[in-house]
Structure formats: C-alpha cells, structure tokens
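Reader: I'd like to go through this model with you and ask what stands behind the labels. Can you put it up first?

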Amino acid sequence: MSGSRIYMDWNATAPLLPEAREACLSTLDLVGNPSSVHGEGRALRTLIENARRDVAALCGAKAASVTFTSGATEAANLVLTPDFRMGRTPLKIGRLYASSIEHPAVREGGRFAREALSEIPVTSNGVVEISALQDLLAAHDRQLGLPMVAVMLVNNETGIIQPVAEIAEIVRAHGGILVVDAVQAAGRVPISIEDLGCDFLILSSHKIGGPKGVGALVARGEVMMPVPLIRGGGQEKGHRSGTENTVAIAGFAAAARKASEGVGQRMSAIAALRDRLEAEMLAAAHDVVIHGRDVSRVGNTIFFTLPGLKAETGQIAFDLEGVALSAGSACSSGKVGQSHVLTAMGYDPRQGALRISIGEATTQADIERCAAVFAKVAARRRAPGQAA
Ligand code: PLP
C-alpha cells in the first residue's frame with residue numbers, strides 16, 4: 001500500500017490491478033471505431049469480443065450473453081424494467097420483488113414505478129427470508145405480468161452470501177425472472193450463472209481491480225432481454241447504444257481474467273488475514289459486534305459495531321490514524337447515511353457500523369496495524385468525555 005496509509009475499503013473500489021492498467025494503456029492509443037469495417041475498426045472489434053469472452057468466463061456464461069455498460073448501476077437500470085422482449089414479442093413484468101439489503105443501484109427499482117416495488121425482508125443474520133419470498137410470489141397477481149425478483153449474491157456491507165440457487169428454484173416455480181447483483185461476489189466466490197439458476201447477473205469492473213465506469217449485464221440465454229435503456233446506434237446488439245468504452249472494457253477483461261484464477265486459494269489467504277484481524281478485534285474489545293459472523297460470508301469483509309462509538313466518529317478516527325475504511329452506506333454519496341442493511345437486519349441503525357474490506361494486496365503488517373488502531377479507538381471510546 002502507498003505511503004503510510006492502509007487501504008481497507010476494497011468493497012467500495014479495489015485498487016487497479018497492474019494487468020488492468022497495462023491493458024487500458026495499450027488500448028488508449030489504438031485508433032479507430034470498433035463499429036468501422038476497416039482494419040483499425042476490426043482490431044478494436046476483436047479486442048471487445050475477446051473481452052466479452054473473458055467477462056463471460058468469470059461467471060460461466062456465453063460470450064454472446066454479455067452486454068457492456070457504464071457500470072453495475074447502469075446494468076441494473078437496464079434490466080430492472082417492466083418491459084422485456086422475448087425475441088420480438090413484448091413481455092410484461094408486473095412487479096419487482098427486491099431484497100431489503102440490495103445496493104441502492106437495485107433498491108431504487110430501475111425503471112419500475114414505486115408502486116410496483118415490493119421488499120423481501122431478511123433475517124437478523126442478514127439472509128433473505130425464503131418463506132417471505134414464497135408468500136410474496138404466491139400472492140403475485142399474474143394479470144399484471146410476470147414477477148421479477150432481485151437478490152444480490154454477496155452483500156456489499158456485510159459480505160453475507162445469499163442462497164441464490166434456492167431462491168432461483170422458487171422464482172422458477174412461480175414463472176418469474178431472477179436478477180442477481182454479483183458485483184461483490186465476482187472474484188471472491190466461484191460464479192456459475194447456470195448453477196445459480198438466475199436469468200441475469202450484474203457485474204462491475206472496479207470491484208475486481210479493473211477501471212471504474214464499466215460493467216456488464218450478463219444474461220443466461222439470449223432470447224429474453226430488457227427493452228434498451230440507451231438507444232442510438234445499436235451497439236451491443238441494440239441492447240446498449242453508444243461507441244463502446246474500449247479502454248475501460250480492455251481493463252475490465254484483464255481484471256476478469258485475474259478474478260477467474262484460483263478463487264478458492266486466493267480467498268482462503270485473504271480470509272486467514274480477515275480472521276486474524278477479527279480475533280484481535282474481539283480480544284481488544286469483547287463487546288464488539290461482528291455482523292453476520294454466524295452465517296456464510298465472503299472472506300474479505302468485517303462489518304462491525306463498537307458500542308459507544310458512532311460509525312462516523314469511528315471512520316474519522318481510523319482515517320486520522322491512516323486506515324481507510326467505510327461507515328454506513330458512504331460508498332455511494334460520500335456522506336455517511338444510516339445503513340439500510342443494519343435496519344433491515346433489525347439493528348438500531350443510529351449507532352451504525354464500520355466496514356473493513358481487504359484484498360490481495362493486504363499484508364500481515366496492514367492487519368497488525370489495523371488491529372492496533374482498532375484497539376486504540378476502542379479504548380478511547382471508553383475514556384471519560386470522549387465516548388462518541
Ligand atoms: N451493487 C453493489 C453490490 C455494489 O457494491 C455497487 C458499488 O458500490 C454497485 C452495485 C454499483 O456499482 P457501479 O459503481 O459499477 O455502478
């Protein structure tokens with residue numbers, strides 16, 4: 001990590017991988033438009049189609065099912081719509097059922113009207129309540145159109161893994177469409193769109209070490225697609241018009257190749273560091289609450305509440321000590337809001353929680369320093385007149 005600062009906010013953005021940087025730089029000088037038929041254009045077209053293959057491989061999909069977008073937020077807005085097409089035949093979606101812990105990119109409901117949105121609750125462990133989903137789908141009025149369900153594979157705040165394959169079976173039994181935000185899962189758990197059984201996956205480049213501002217909507221098939229959000233020149237088979245961001249796509253593909261390599265081995269090394277840090281935190285402050293510790297989580301995330309310490313105050317204290325981490329839902333707007341994820345899990349959101357998220361570049365020394373800062377912050381919160 002650069003200077004004396006420690007970056008522990010990988011779920012907000014992972015540092016750019018050298019391979020992704022190199023891919024971006026070598027594409028920057030390529031002249032031509034990927035839609036042009038001349039040699040220069042065709043070279044860029046080849047680069048994009050190879051990138052499509054690499055991104056597809058990250059989630060076991062067919063290359064033809066990948067639509068590049070400006071990021072996961074755009075991919076969500078593209079797919080979350082009442083208007084689909086099955087080939088050329090219009091297909092109506094009547095309602096969107098999204099889990100209460102979705103990222104705002106999904107939670108806002110894309111192109112659905114507010115009245116057409118329903119929330120699927122989660123348990124206090126932060127896992128989607130399967131029985132509630134079953135009840136909601138059983139009560140769905142099919143006259144309005146098909147039901148659409150949106151559940152993330154890994155939550156960005158807690159790191160908790162959702163039972164997507166089980167959810168997919170339920171959605172299928174009700175003839176619905178399942179959209180999975182796999183942004184925080186990519187590169188951290190093996191992903192197979194077939195095994196998950198979902199209809200669409202959403203990916204983002206900057207969470208896996210690629211550049212910001214590029215992502216993808218990945219479909220399981222090629223026949224059923226949402227009505228486009230961005231119309232124009234018909235790029236991306238008409239699903240997303242506009243000259244492709246070739247530089248960013250090249251970087252995304254390089255990051256996707258790295259993210260596909262040895263996920264299990266990479267993550268167990270990261271999880272060992274995470275577990276070590278958690279053990280140190282628990283030793284320094286017995287009352288620290290680590291959310292989601294009893295359920296399946298990705299190995300890089302610690303979402304915790306320190307009683308007596310407000311999340312905003314904690315974030316500043318860590319920052320002043322040179323440790324970058326997140327509080328609440330700060331990753332989107334810069335201002336610290338109350339965590340809707342904590343609220344959904346039934347916690348009092350006023351105190352909030354802090355998120356430590358690490359990655360491949362995190363070292364043992366970083367963990368030790370972060371543990372020392374944690375101990376200092378935890379001790380200080382109890383000092384008279386200093387509790388936040
Ligand atoms: N979904 C999840 C789970 C995220 O963590 C994020 C980013 O914070 C997004 C969607 C939005 O991604 P992007 O920044 O590519 O629009």
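**Cavities, a pocket and a sheet**

Author: Sure. A search of the whole structure, which is a predicted model, turns up two cavities of 30 Å³ or more.

Reader: What makes the second largest one a cavity, and which residues line the second largest cavity?

Author: The name goes to a set of points where a 1.4 Å probe fits but cannot get out. The second largest cavity holds about 30 Å³ of space. Its lining is Phe304, Thr305, Leu306, Leu309, Ala311, Gln351, Gly352, Ala353 and Leu354. By class that gives six nonpolar, three polar and no charged residues, with Gly counted as polar.

Reader: And the second largest pocket, what is its volume?

Author: About 260 Å³. Of the 20 residues lining the second largest pocket, Trp10, Leu17, Ile208, Arg266 and Glu360 are the closest to its centre. The lining has 11 nonpolar, four polar and five charged residues. Helices α8 (246-260) and α9 (263-284) each supply at least two residues of that lining.

Reader: How do you know where the second largest pocket lies relative to the domains?

Author: The chain is divided into domain 1 (6-15 + 263-380) and domain 2 (19-259). Both domains give residues to the lining of the second largest pocket, so the pocket lies between them.

Reader: What is the distance between the C-alpha centres of domain 1 and domain 2, and how many residues are in contact?

Author: The C-alpha centres are 27 Å apart. With contact taken as heavy atoms within 4.5 Å, 28 residues of domain 1 are in contact with 32 residues of domain 2.

Reader: On to the sheet. Why are β11 and β14 said to stand at the edges?

Author: The open sheet has four strands in the order β11-β12-β15-β14, with antiparallel pairing. β11 (289-290) and β14 (326-327) each have a single partner strand, so one side of each is left without a neighbour in the sheet.

Reader: What makes β14 and β15 count as a pair?

Author: Pairing needs at least two bridges, and two bridges join β14 to β15 (354-357), so the pair meets the cut-off. These strands run antiparallel, and alanine 327 stands opposite leucine 354 in β15.

Reader: Which strands do α9 and α10 touch?

Author: α9 packs on the sheet against β11, β12 (301-305) and β15, with its direction at about 15° to that of β12. α10 (311-320) packs on the sheet too, touching β12, β14 and β15, and its direction makes about 40° with that of β15.

How values were computed
Residues are numbered from 1 along each chain as its sequence is written. This is a predicted model: local features need pLDDT of at least 70, side-chain atom pairs count only at pLDDT 80 or more; totals for chains, interfaces and linings use all residues. Side-chain values use heavy atoms; hydrogens and water are left out. On a 1 Å grid over the protein atoms alone, a cavity is a set of points where a 1.4 Å probe fits but cannot get out, and a pocket is an open set with protein on both sides within 12 Å along at least five of seven lines; lining residues have an atom within 4 Å of a point. Grid points are joined across faces, edges and corners, and a volume is the space filled by probe spheres set on the points. Domain bounds come from an automatic or database domain assignment. Axes are lines fitted to C-alpha atoms, for helices over the stretch in contact, and angles run from 0 to 180 degrees between N-to-C directions.
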